[in-house]
Amino acid sequence: MTSRMHTPHTTCPSCHEEVFLDELVGGRCPLCGYSLDEDDGTCSEYEETLERSDLGWMIFQFYVFKRFCSEGANPLQVMQVLSRYEELTQCNPADAEKMQFTLEVPMSRWERLLPKRCAKCGRIFLLGGKATISGDISSPEHVKSYTCPSC
């Protein structure tokens, strides 16, 4: 009787009964048939919440995030643009396609040396300032503009 107490056992996540591992039938609980091979029941809750329709949205977010981060945009700003786009698609899909964005990006070394024209005041400046990319979310192209330090 004492040898049975020391054998490995677990609790079935489906029927919540104690099951000894040597009693499993093909890796399944002998009482309810739940598979206990590799799954201990911890991930089954999350599998139910992830739907197939979410997959397309996740892929879209990944590629937009990758595109803007490769330009040097702040990841937090990119996620804010994506969440704003998601809110617009739920309210009015027609407005979501024309959603405008503006993200601040760092200037390359070459851009820092070249003269730039300020998008706000029109002055030409050499040092300092900020670079931004802007456009609408449906267009594959975006416009890069510069702002002088005084603006």
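**Strand pairing and a salt bridge around β6 and β7**

With a relative accessibility of 15%, which lies under the 20% limit, Glu111 counts as buried in this predicted model. Lys144, by contrast, has a relative accessibility of 32% and therefore falls in the partly exposed class. The side chains of these two residues meet in a salt bridge, with a separation of 3.0 Å from N to O. Because Lys144 belongs to strand β7 whereas Glu111 sits in helix α6, which spans residues 109–113, the pair ties together parts that lie 33 residues apart in sequence. Under the criterion applied, the count of salt bridges comes to one. As a general matter, side chains of opposite charge can pair when their charged atoms come close.

Strand β7, which covers residues 143–147 and contributes Lys144 to this contact, is itself paired with strand β6 in the antiparallel sense, the pairing extending over five bridges. Within this arrangement Lys130 stands opposite Thr147 of β7, and the connection from β6 to β7 is a hairpin that runs through six residues.

Strand β6, comprising residues 130–136, also pairs with strand β3, which is formed by residues 100–105; this pairing is likewise antiparallel and is built from six bridges. Here the bridge partner of Thr102 is Ser134, a residue of β6. Strand β6 thus takes part in two antiparallel pairings, with β3 and with β7, and the latter strand carries the lysine that is joined by a salt bridge to Glu111 of helix α6.

Conventions
Residues are numbered from 1 along each chain as its sequence is written. This is a predicted model: local features need pLDDT of at least 70, side-chain atom pairs count only at pLDDT 80 or more; totals for chains, interfaces and linings use all residues. Side-chain values use heavy atoms; hydrogens and water are left out. Two strands pair if DSSP finds at least two bridges between them. Helices (H or I, at least four residues) and strands (E, at least two) are DSSP runs, numbered from the N terminus. A salt bridge is a side-chain nitrogen of Lys or Arg within 4 Å of a carboxyl oxygen of Asp or Glu. Buried means under 20% relative accessible area, exposed over 50%, partly exposed in between (1.4 Å probe, protein chains only).
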